[in-house]
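Visitor: Please take one part of this structure and describe it closely. I should then like to hear how the elements around it are arranged.

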Amino acid sequence: AELKERIKRLLKERNAVLVAHYYVDAELQDLAEETGGCVSDSLEMARFGRDHPAQTLVVAGVRFMGESAKILSPEKTILMPDLDATCSLDLGCPADEFAAFCDQHPDRTVVVYANTSAAVKARADWMVTSSIGLDIVKHLHEQGKKILWAPDRHLGSWIQKQTGADMLLWQGSCLVHDEFKGIELDLLRTEHPDAKVLVHPESPSNVVAQADVVGSTTQLINAAVNLPATTFIVATDNGILHKMRAAAPGKHFIEAPTAGNSATCKSCAHCPWMAMNGLKNLAEVLESGANEVHVDPEIGRQAKRAIDRMLDFAA
Ligand code: MLT
């Protein structure tokens with residue numbers, strides 16, 4: 001409690017606001033809400049940070065989220081509790097290899113997922129997040145565009161199936177979602193025949209195929225609130241359960257099975273990098289001003305075009 005009070009005081013002193021992702025620890029999510037910040041997905045985090053008058057944004061999430069905040073608000077100070085909090089999708093798509101891939105396919109419109117470095121975004125025509133990727137690809141497909149998609153292959157192939165678009169896929173994946181298991185999910189469903197299955201599209205296709213709703217974190221939370229069911233099986237990072245339980249009280253949420261589900265691993269579906277964000281390192285960076293996110297200004301300007309396209313489309 002003392003730590004929380006200290007953070008609240010420091011946020012005020014620094015004219016800072018806390019922007020947190022649904023996948024970080026519950027106490028950080030609560031603190032963001034209590035202090036007038038936001039808890040959301042990467043699309044809304046980017047928008048909120050851009051539009052908020054605070055001079056400093058403290059991003060509790062992973063590296064690319066801090067970079068996107070900096071790209072959209074170069075004049076603001078962006079701090080992160082731990083700058084080593086990265087993302088397997090980002091790591092799996094190095095900018096030089098990606099540029100070579102794009103060079104080989106100059107006829108394709110380059111669409112990248114938010115979960116990439118600033119340098120990869122700088123090479124893209126569009127950036128999308130999971131909540132809007134389907135709509136944007138549909139729009140591009142209707143215009144007759146052929147697409148080069150990176151980096152998540154599961155999300156890419158799900159969008160490809162939904163839209164029929166011509167998509168060339170980079171072969172990345174999220175280490176959390178990649179672990180959800182189709183056969184085990186099928187068994188769990190037989191134990192809970194009335195449960196609705198909520199699946200994030202970064203999951204493998206045999207998991208997505210069993211979903212009642214496929215969607216981004218925000219879309220899955222809305223489904224938990226709105227669907228007339230009392231039990232849900234949830235295939236995404238289990239950090240989301242905090243918000244789901246708060247938004248849909250009285251409903252029952254079960255984590256979808258992963259390869260690691262066993263007595264020794266109670267919560268396997270949790271991003272190790274999201275877990276690097278805590279109250280302690282948050283308080284420390286607010287005190288010291290350390291861990292500032294920097295993006296090369298020229299790369300940032302180029303990356304911003306791809307992000308702005310998405311934000312304009314969403315508006
Ligand atoms: C994001 O966009 O924040 C992540 O892809 C998770 C999600 O919201 O679906």
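Guide: A polar contact is a pair of N or O atoms within 3.5 Å. In this predicted model, a polar side-chain atom of Ser42 lies 2.6 Å from an oxygen atom of the ligand, and Ser42 is therefore counted as making a polar contact with the ligand.

Let us stay with Ser42. This residue belongs to helix H3, which spans residues 42-51. Its relative accessible area is 17%; because buried means under 20%, Ser42 is classed as buried. Leaving aside residues up to four places away in sequence, the contacts of Ser42 are His21, Phe64, Met65, Ala114 and Thr129.

The surroundings of the ligand come next. The ligand is surrounded by His21, Tyr23, Asp41, Ser42, Tyr113, Thr129, Ser130, His200, Glu202, Ser216 and Thr217. His21 and Thr129 thus appear both among the contacts of Ser42 and among the residues around the ligand. In the side chain of His21, an N or O atom is 2.6 Å from an oxygen atom of the ligand. For Tyr113, a polar side-chain atom is placed 2.9 Å from an oxygen atom of the ligand.

Tyr113 leads to a sheet, for it is part of strand S5 (residues 109-113). S5 pairs with S6 in the parallel sense over three bridges, and Val112 has Met127 as its bridge partner in S6. The open sheet that contains these strands has four members, ordered S6-S5-S7-S8, with parallel pairing. At its edges are strand S6 (126-128) and strand S8 (167-169), each of which pairs on one side only. On average, and with direction ignored, neighbouring strands of this sheet are turned by 25 degrees against each other. Helix H6 (residues 95-104) packs on the sheet and touches S5, strand S7 (147-150) and S8, its direction making about 165 degrees with that of S7. Helix H9 (residues 153-163) also packs there, in contact with S5, S7 and S8, and its direction makes about 165 degrees with that of S8.

Thr217, another residue around the ligand, leads to a further sheet. This open sheet consists of four strands in the order S10-S9-S11-S12, and the pairing is parallel. Strand S10 (213-214) and S12 are at the edges with a single partner strand each, so one side of either strand has no neighbour in the sheet. Helix H12 (residues 217-226), which includes Thr217, packs on this sheet, touching S9, S10, S11 and S12; the direction of H12 makes about 165 degrees with that of S9.

Within this sheet, strand S11 (residues 231-235) is largely enclosed by the rest of the structure, because five of its five residues are buried. Thr231, Ile233 and Ala235 are buried on one side of S11, as are Phe232 and Val234 on the other, so that both faces are covered. Strand S9 (residues 196-199) runs parallel to S11 and is joined to it by four bridges; the partner of Leu198 in S11 is Val234. Four bridges likewise connect S11 with strand S12 (residues 252-255), again in the parallel sense. Here Phe232 has Phe253 as its bridge partner in S12. From S11 the chain passes through helix H13 (residues 241-247) to S12, a β-α-β crossover that is right-handed. Thr231, finally, stands opposite His252 in S12.

Conventions
Residues numbered from 1 in each chain as written. Predicted model: local features only at pLDDT ≥ 70, side-chain atom pairs only at ≥ 80, totals over all residues. Heavy atoms only, no water. Helix = DSSP H or I, 4+ residues; strand = E, 2+ residues; numbered from the N terminus. Buried < 20%, exposed > 50% of the residue type's maximum accessible area, 1.4 Å probe, protein only. Contact = heavy atoms within 4.5 Å. Pairing = 2+ DSSP bridges. Right-handed = clockwise from strand over helix to strand, strands pointing away. Axes fitted to C-alpha atoms, helices over the stretch in contact; angles between N-to-C directions. Near = heavy atom within 4 Å. Polar contact = N/O pair within 3.5 Å; in protein donor to acceptor, adjacent residues only side chain to side chain.
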